[in-house]
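Reader: I've got a fresh model open here and would like to talk it through. Could you start me off?

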Amino acid sequence: LAAAAVGDVRRIRTPLAGPVLVKLGELSFAFYLVHLLVIRVVELVAGYHPRWDAPAAAGLAALTVVVSLGCSWLLHTAVENPARRTLIARR
């Protein structure tokens with residue numbers, strides 16, 4: 001972490017400053033808010049302890065992550081950004 005922080009201060013391009021990781025960082029709070037809700041819905045639909053083979057379970061896990069990212073993007077775009085803009089404008 002210290003090396004990454006020093007790289008940011010010195011404006012050195014690092015893999016952590018790439019556009020994908022920056023976007024994931026922006027979505028991280030919204031992801032934190034929605035991921036457990038998505039997991040609970042998947043549990044309701046798929047069952048709490050399904051006995052699936054590894055590829056099916058991995059596919060369901062990947063689908064859960066993708067749906068969580070989609071919901072977090074929607075929350076970030078429709079709620080978080082407008083709220084931030086409103087709060088900044090009031091200053």
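Author: Sure, and let's begin with one side chain. This is a predicted model, and in it Lys23 has a relative accessible area of 35%, which makes Lys23 partly exposed.

Reader: Okay, so which residue forms a salt bridge with Lys23?

Author: Look for a carboxyl oxygen within 4 Å of the Lys23 nitrogen, since that's the cut-off for a salt bridge. Here the closest N and O atoms are 3.4 Å apart. The partner is also partly exposed, at 36% relative accessible area. That residue is Glu26.

Reader: And how far apart are Glu26 and Lys23 in terms of helical turns?

Author: Both sit in helix H2, which covers residues 19-46. They're three residues apart there, so the separation comes to about one helical turn.

Reader: How many salt bridges does a search of the whole structure find?

Author: Besides Lys23 with Glu26, there's a salt bridge between the side chains of Arg40 and Glu43, at 3.0 Å from N to O. Those residues are also in helix H2, three residues apart, so about one helical turn separates them. Arg40 is partly exposed, with a relative accessible area of 43%. For the whole structure, the search gives two.

Reader: What about charge overall: how far apart are the centres of the positive and negative sets?

Author: The protein chain carries 10 positive side chains and 5 negative ones. Take the centre of each set, and the distance between the two is 11 Å.

Reader: Zooming out, which order do the elements run in from the N terminus?

Author: The chain has three helices and zero strands. With no strands to place, the order from the N terminus is α-α-α.

Reader: What's the radius of gyration of the protein chain, set against a compact globule of 91 residues?

Author: A compact globule of that length would come in near 12 Å. The C-alpha atoms here fill a box of roughly 50 × 35 × 20 Å along the principal axes. The radius of gyration of the chain is 18 Å.

Reader: Then what share of the 91 residues counts as buried?

Author: To count as buried, a residue needs a relative accessible area under 20%. The chain exposes about 7300 Å², with carbon and sulfur atoms supplying 70% of that. The buried share of the residues is 13%.

Reader: Last one: among contacts with a separation of 6 or more, what share comes from residues 24 or more positions apart?

Author: Contacts here are heavy atoms within 4.5 Å. Looking just at those with a separation of 6 or more, residues 24 or more positions apart account for 74%.

Key. Residues numbered from 1 in each chain as written. Predicted model: local features only at pLDDT ≥ 70, side-chain atom pairs only at ≥ 80, totals over all residues. Heavy atoms only, no water. Helix = DSSP H or I, 4+ residues; strand = E, 2+ residues; numbered from the N terminus. Rg over C-alpha atoms; globule rule 2.2 N^0.38 Å. Buried < 20%, exposed > 50% of the residue type's maximum accessible area, 1.4 Å probe, protein only. Areas by Shrake-Rupley, 256 points an atom, 1.4 Å probe, with all protein chains shown as cover. Lys, Arg positive; Asp, Glu negative; His and termini not counted. Charge placed at Lys NZ, Arg CZ, Asp CG, Glu CD.
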